[in-house]
Amino acid sequence: MITINNISKSFDGRKVLSDISATFDKGKTNLIIGQSGSGKTVLLKCIVGLLEADEGEVYYNDILFNKLSFDKKKLIRQKMGMLFQGAALFDSMSVEKNVMFPLDMFTEMSKEEKLERANFCLQRVNIINANHLFPDEISGGMKKRVAIARAIALNPEFLFCDEPNSGLDPKTSVVIDHLIKDITEEYNITTLVNTHDMNSVMGIGDKVIFIYEGQKWWEGSRNDILDSDNKELNEFVFSSELTRKIKGL
Amino acid sequence: MTIVGILSINLKFVKNKRFMLVKVFHLFGEYVLFLKKVFSKPEKRKIYLKQTMIEMDKLGFLSIGIVTIISFFMGAVITLQTAYNIENPFLPSYLIGVGTRDSILLEFSSTVIGLILAGKVGSNIASEIGTMRVSEQIDALEIMGINSASYLVLPKIIATMLFNPFLTMLSMVVGIIGGWSVGVFTGVVSTQQYIDGIRYAFVPFYITYALIKMVFFAFIITTISSFYGYRVQGGSLEVGKASTNAVVMSSIFILLFNLLLTQLLLS
C-alpha cells in the first residue's frame, strides 16, 4: 500500500502540486488522471522519489519513504518496477539482457536461472522469439511489453506506469492496459498508472484520482465517474462529442 | 546619457558579473556533489568490473587508430620543423632527434593527445549519458535502486585512467617513428643521427611526467563530460549543447592543469 499526505511541489515559485493526499491499495490498479500539464507526472515522480516534494509525506507500507537516506531509499526501490512513457529500455542491451539486468544487479542467481526468469517474464507479456533483438529493432508496443517484463523481473511490490499507452494504437493500448491489470491482480502488486486515456480509465481503473490544476479534484472508482456531477471531471472525461451525447451533457 | 543612466548600466554590469560568479560556483558545487555520488560504494563489483572492461574497449581500444595516425604525422611534422629551424652548419643534425623526442615526450603525447581525446571521447561520453537522461534510461536505473551516476561514470573513469597512459606511450613510440621515417625519407637527418639524438641527454622522468599528466587529463575528460551529459534537461538540442560544452570545458581544464602540473613536476 502507498499513502501520500499533503504533497506539494513548486518549480521556480510556480506551484505545480498543492496539498495532495491519497491512498493506493494493494492488488488494485490505481489511476491518476488529468489533463496534460495538470501535474500528474510530477506527482508520480514525487511518489517514486525522482523528484523531491517540497512538503508532504510518502509512505510505502508504513515506511516514510521521502525522508529516508539515499541508501535506504535504494532498498525500497528494489521493490519497485516502473514503465516509462518511452519504455526507457537500455539501447545497448538486447531484449533479453534488458530483462536480466535487474537480476544481474540484485540477485545471486546463476546465469541459467536468470535466463529462465527472463524468459518467463517475456512469455508473460507475450514476447516470443525476440530475445536477441535490440530496442530499436522492435515496435512501440513490444517495447512497452519488454519494459513491463523488466519491471516485474524482481517480483516488485509496487508498479508504476507513466502514460503506458502514449504513442500506441487503440488495440495495442487495450492489450497493455489488460496486461497491467492482470499482472497487478496476479502478483498482488500496488499499481499506479498515470494516464489521460479514457479507455484505460473505464477499462482498468479500480481507483481513480483526478488531478486538476495541481490539486486533487475528485476521487472514486471508474463506475463513479459515470454518475459524478463534478464539472471539471465531466469536462475532462466527456470531452468528445460522442461521450457528451452518451452522458447527456 | 545622464549620470544616473551610466550608473544604472554599470550597476547592471556588476550585477551580471556577480550573477555569473554565483553560477560558476553553483556549477562547481554541482560537479563536486556529482563526484561524491560517482565515488560511492558500487552495488555489485562484478558488474562494475565487467562495465570497466567494456568501457576500456569503447573508450580506449577504439582510440588507438586516431592516436596512431595523429602521432605519426605530428612526429613527422615536428621533425621537419625542427630541421628547418636548426638549419645551421654549427648545429649538429642529431639535435633534430633531441628536439623531436622532447617535444613528443613533454607536450605532444600527453597534452595534444589529451585534447584530441577530449574531442573524441568527451563528446561520446556526454552525448551517450545525455541521451540516456532524455530518454529516461537514467531514471529507470534510479527506480531500480541503482546509483546511476556511479554505475555509468565510475567504470568510464577507471577505464580511461588505466588505458589512456598506454595511449600516451603508443603516441610516444609512433611519434618518434613518424619523425624518423619522414626525416630519413626527406633526407633532413640520417637514421644514425636521429637515433643518437633520441638517446642524447635522455631524461627518463619526462616519460613519468607525461604519464602523470595523462592520468589527470583522463580524469578531467571523463568526469567533466559525464557531468555535462548527466545534467542534460530537455531534448536532442540540449544533448548537442552538452556535448559541445563538455569538449570546451574539458579542453580548458586540460590546458589549465597542464600549466599547473608542469610547474609542479618540472620546476
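Two residues are in contact if their C-beta atoms, placed from the backbone, lie within 7 Å. Axes here are lines fitted to C-alpha atoms, for helices over the stretch in contact, and angles run from 0 to 180 degrees between N-to-C directions.

This is a predicted model, where local features need pLDDT of at least 70, side-chain atom pairs count only at pLDDT 80 or more, and totals for chains, interfaces and linings use all residues. Residues are numbered from 1 along each chain as its sequence is written, while chains are lettered from A and ligands numbered from 1 in the order in which they are written.

**Exercise 1. Get a feel for chain A: how many helices and strands are there in chain A?**

Step 1. Go by DSSP runs, numbered from the N terminus: helices are H or I with at least four residues, strands are E with at least two. Chain A has ten helices and ten strands.

Step 2. Now the overall dimensions. Along the principal axes, the C-alpha atoms of chain A fill a box of roughly 55 × 45 × 35 Å. The radius of gyration, taken over C-alpha atoms, can be held against a globule rule of 2.2 Å times the number of residues to the power 0.38. A compact globule of 249 residues would come out near 18 Å, and chain A agrees, with 18 Å.

Step 3. Check the inside. A residue is buried if 20 or more other C-beta atoms lie within 10 Å of its own, exposed if 12 or fewer, and partly exposed in between, with C-beta atoms placed from the backbone. By that count, 43% of the 249 residues of chain A are buried.

**Exercise 2. Trace the open sheet: what is the order of its four strands?**

Step 1. Two strands pair if DSSP finds at least two bridges between them. Following the pairs in chain A gives S2-S1-S4-S5, with antiparallel pairing.

Step 2. Look at the edges. Strand S2 (14-24) and strand S5 (63-64) of chain A each have a single partner strand, so one side of each lacks a neighbour in the sheet.

Step 3. Zoom in on one pair. Strand S4 (residues 55-60) of chain A and S5(A) run antiparallel and are joined by two bridges; A:Tyr59 sits opposite A:Leu64 in S5(A).

Step 4. Add the helix. Helix H1 (residues 40-48) of chain A lies across strand S1 (2-11), S2 and S4 of chain A, at about 120° to S1(A).

**Exercise 3. Inspect strand S3 of chain A: which of its residues are buried on each side?**

Step 1. Five of the five residues of strand S3 (residues 29-33) of chain A are buried.

Step 2. Sort them by face. One side has A:Thr29, A:Leu31 and A:Ile33, and the other has A:Asn30 and A:Ile32. In a regular strand, side chains alternate between the two faces of the sheet.

Step 3. Find the partners. S3(A) pairs in the parallel sense with strand S8 (residues 190-195) of chain A over five bridges, and A:Leu31 stands opposite A:Val193 there. S3(A) also pairs in the parallel sense with strand S9 (residues 207-212) of chain A, over four bridges, where A:Asn30 has A:Lys207 as its bridge partner.

**Exercise 4. Find where the chains meet: which elements of chain A give two or more residues to the side that touches chain B?**

Step 1. Start with the count: 15 residues of chain A are in contact with 13 residues of chain B.

Step 2. The elements are helix H2 (70-77), strand S6 (80-83) and helix H3 (95-106) of chain A.

Step 3. Turn to H3(A) itself. Its buried residues, including A:Val99 and A:Phe101, pack against helix H4 (111-124) and helix H5 (140-152) of chain A.
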